[in-house]
Amino acid sequence: PAVPGRLRRGGIAAVSVGVVALLLVAWWLVQGTRTPVVPDMGNAGNVGAVGAPASGAAPDISQMSPLERFIRLNDRIMEAAARGDTATANSFTPMALGAYAQLDAVTVDARYHGAVLRASVGDWAGSLALADTIHRVSPDNLFGFVVRGTVAELRGDTAASREAYRAFLKLFPAQIALERPEYIDHRDILDQFRSAATAAVAP
């Protein structure tokens with residue numbers, strides 16, 4: 001798929017590794033919406049340590065909690081995307097979506113990662129629905145706007161991306177002061193998204 005023009009012209013240089021991975025995996029995998037498959041959590045050979053080949057030695061993730069399984073798969077995909085390993089990203093994205101569907105408790109952080117994965121398979125509606133859910137459970141949460149802005153960029157919707165950027169920038173000071181767990185864990189993504197937003201809406 002085509003990379004949005006603003007990012008082709010160098011905007012991506014201002015984005016953190018986490019957001020770069022987010023965008024790269026989406027650009028590579030968008031080929032129409034795919035149906036997630038439920039992973040066999042007892043098959044230890046399917047999921048290795050982050051960055052390891054799929055065929056290498058792997059822990060038994062059947063002993064992990066549903067959230068730990070999802071995060072392990074998501075991290076594997078993002079690491080692969082950052083390396084340019086499209087085969088691994090393609091292989092594990094349906095499994096991660098299946099793992100997300102099995103979560104018994106969903107945090108804002110998990111919703112954010114789920115939205116990224118939905119965007120990676122071209123499910124814009126599903127990704128934006130998760131952004132809506134983030135804001136229902138955590139009003140004005142910055143990650144809802146990160147999702148909206150990223151989806152808008154991937155769709156080439158300049159108006160929607162700027163709307164998300166402006167809302168993000170307006171709310172950033174008050175929200176970041178709340179020190180929500182997801183803000184602490186992913187502050188680098190928020191800071192770099194802020195830089196990208198500032199550059200995008202500048203006169």
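In the predicted model, one aromatic cluster is formed by Tyr165, Phe168, Phe172 and Phe193. Within this group, Phe168 and Phe172 make up an aromatic pair whose centres lie 5.7 Å apart and whose planes meet at 45 degrees, an arrangement classed as tilted. Both residues belong to helix 8 (residues 158–176), where a separation of 4 residues corresponds to about one turn of the helix. Phe168 has a relative accessible area of 0% and is therefore buried, and Phe172, at 3% relative accessibility, is likewise counted as buried, since the cut-off for this class is under 20%.

Across the whole structure, the search returned 6 aromatic pairs. One of them joins Phe143 and Tyr183, whose ring centres are separated by 6.2 Å; because their planes stand at 35 degrees, and angles under 30 degrees would count as stacked while those over 60 would count as edge-to-face, the pair is described as tilted. This pair connects distant parts of the chain, with Phe143 placed in helix 7 (residues 142–155) and Tyr183 in helix 9 (residues 181–185), 40 residues apart. Phe143 and Tyr183 are both buried.

A polar residue was also examined. Asn74 is located in helix 3 (residues 66–83) and, with a relative accessibility of 1%, is counted as buried. When its neighbours within four places in sequence are set aside, the residues in contact with Asn74 are Ala96, His113 and Leu117.

Methods. Residues numbered from 1 in each chain as written. Predicted model: local features only at pLDDT ≥ 70, side-chain atom pairs only at ≥ 80, totals over all residues. Heavy atoms only, no water. Phe/Tyr/Trp six-rings, centres within 6.5 Å; stacked < 30°, edge-to-face > 60°. Helix = DSSP H or I, 4+ residues; strand = E, 2+ residues; numbered from the N terminus. Buried < 20%, exposed > 50% of the residue type's maximum accessible area, 1.4 Å probe, protein only. Contact = heavy atoms within 4.5 Å.
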